[in-house]
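Here is a friendly walk through one protein model, with an eye on its charged pairs and on how two of its helices meet. Have the structure open beside you as you read.

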Amino acid sequence: LTTMDTTAPSSAKTDAEDALYVYDADAQRATVAAKPWARNPHHFKKVKVSALALMKMTAHCRRGGSIEVMGMLQGKTIDDTFIVIDIFELPVEGTETRVNAQAEAYEFMVDFDKTCKDVGRAENVVGWYHSHPGYGCWMSGIDVNTQMLNQRYGEPFVAIVIDPMRTCATGKVEIGAFRTYPEGYAAPDERASTSRHQTIPLSKVEDFGVHADKYYALDVSYFKSTLDARNLDALWDQYWVNTLTSSPLANNRLLVAGQVGDIEGKLAAAEKGVKRAHGAAAVLATAASASSFGAIGKSAATTATSAMSSESSPLTAATRDAVAVAVEQTKSLAAHAIKAALFDAVRAVDSARQVDVDMRD
């Protein structure tokens with residue numbers, strides 16, 4: 001179980017969140033007819049995910065392990081917000097370069113949606129989700145093409161990406177929600193908003209960089225009904241010991257080993273880049289001093305040198321990744337030390353009491 005807020009919500013907040021489960025078919029039809037997203041590609045800005053949907057998505061992605069899995073989102077839209085009420089899994093597996101979505105997956109989706117309608121579940125399919133095991137929440141080229149196709153024929157539609165490995169490593173759900181821009185739209189430079197606070201593996205950097213300007217991220221928040229709150233309390237009462245006794249150092253060793261190997265590769269690539277940049281700067285500086293184009297040569301040399309220390313340089317990226325891994329490991333070590341001190345102290349007290357009892361006897 002990942003850490004979730006299980007405190008009892010206030011009555012007003014609970015009533016407002018319970019109201020999110022009410023489905024108004026007429027209002028949804030009016031929204032689809034109005035098509036506000038056609039006039040403003042940034043119309044949708046937020047996604048609210050129910051506790052039920054979040055737990056089911058996370059569990060599904062975790063079961064997939066290192067294989068990508070996929071499912072669909074059910075819910076509605078209110079103004080500029082997607083409301084994800086529930087999800088269902090699809091019999092689909094794939095990798096970052098190949099998606100195995102066969103005809104049976106589409107037949108399953110249609111049959112499942114029809115069955116929901118037959119039993120009174122009126123929510124429509126409002127998006128899809130899939131996993132990125134170990135390499136963060138962003139959209140690959142295949143993801144972008146899939147989302148563009150869905151937005152063209154199935155609006156309103158949103159894409160959610162979950163990283164199950166980093167979720168287990170950090171103790172909170174690593175999740176991102178995205179929408180693509182229409183073809184031909186001149187998107188603002190928002191790459192930082194989708195890459196901030198996460199590490200992109202070296203093998204995925206090129207794919208991320210090519211497609212990062214074709215989509216934008218939405219703010220993700222969560223809500224829970226009165227029944228969800230009771231279920232979460234019951235789960236916490238049952239599994240709190242597992243959470244307390246789990247060791248991030250042991251559970252995340254494979255992920256950390258992969259991250260360290262990736263940092264090593266990035267440092268090697270950065271070293272080659274620094275050597276090339278130094279060589280180019282030296283050649284340009286020599287040419288500048290020996291030719292009439294001194295100003296141009298000096299300017300080019302300055303540009304080459306500054307590129308090595310820019311915010312987007314490979315060395316800067318590797319440094320940030322190393323710091324992030326070090327911080328996470330420091331937190332894990334601190335948690336391990338606190339638990340050891342706490343339980344060792346309890347055992348020491350119990351042992352002292354037992355010795356005292358034995359001496360009296």
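## Charged pairs and a helix contact

At 19% relative accessibility, Glu155 counts as buried, since the cut-off for buried is under 20%. Keep in mind that this is a predicted model. Which residue does Glu155 meet in a salt bridge? The partner is Arg179, with 2.8 Å from N to O. Arg179 counts as buried too, at 3% relative accessibility. Arg179 sits in strand β7 (residues 175-180) and Glu155 in the loop between α6 (141-153) and β6 (158-162), so the salt bridge ties together parts of the chain that are 24 residues apart in sequence.

The structure holds 10 salt bridges, and some of them join up: Lys56, Asp86, Arg121 and Glu123 are linked in a network. Within that network, Arg121 forms a salt bridge with Asp86 and also one with Glu123. The pair of Asp86 and Arg121 links distant parts of the chain, 35 residues apart: Asp86 belongs to strand β3 (residues 81-94), while Arg121 lies in the loop between α5 (103-118) and β5 (124-131).

How buried or exposed are these residues? Asp86 is buried, with a relative accessible area of 8%, and Glu123 is buried with a value of 8%. Arg121, at 27% relative accessibility, counts as partly exposed.

The three salt bridges described here are listed with their N to O distances.

| Salt bridge | Closest N and O atoms |
|---|---|
| Asp86 and Arg121 | 3.3 Å |
| Arg121 and Glu123 | 3.0 Å |
| Arg179 and Glu155 | 2.8 Å |

Now to the helices. Two packed helices are described by the angle between their axes and the distance between the axes. Helix α4 (residues 51-64) packs against helix α10 (residues 226-245) at an angle of about 45°, and the axes are 10 Å apart. That angle makes α4 oblique to α10. On the α4 side, Ala51, Leu52 and Met55 make the contact, and on the α10 side Asp228, Leu232 and Leu235 do. Sorted by class, the contact has 5 nonpolar residues, no polar ones and 1 charged residue.

Stepping back to the whole protein, the secondary structure comes to 14 helices and 8 strands. Of its 361 residues, 35% count as buried. The protein exposes about 20400 Å², and carbon and sulfur atoms supply 60% of that area. Among contacts with a separation of 6 or more, 76% are between residues 24 or more positions apart.

Technical notes
Residues are numbered from 1 along each chain as its sequence is written. This is a predicted model: local features need pLDDT of at least 70, side-chain atom pairs count only at pLDDT 80 or more; totals for chains, interfaces and linings use all residues. Side-chain values use heavy atoms; hydrogens and water are left out. Helices (H or I, at least four residues) and strands (E, at least two) are DSSP runs, numbered from the N terminus. Buried means under 20% relative accessible area, exposed over 50%, partly exposed in between (1.4 Å probe, protein chains only). Contact means heavy atoms within 4.5 Å. Accessible areas come from the Shrake-Rupley method with a 1.4 Å probe; for residues, only the protein chains shown count as cover. Axes are lines fitted to C-alpha atoms, for helices over the stretch in contact, and angles run from 0 to 180 degrees between N-to-C directions. Angles under 35 degrees count as roughly parallel, over 145 as roughly antiparallel, 65 to 115 as roughly perpendicular and the rest as oblique. Ala, Val, Leu, Ile, Met, Phe, Trp, Tyr, Cys and Pro count as nonpolar, Asp, Glu, Lys and Arg as charged, and the others, Gly among them, as polar. A salt bridge is a side-chain nitrogen of Lys or Arg within 4 Å of a carboxyl oxygen of Asp or Glu.
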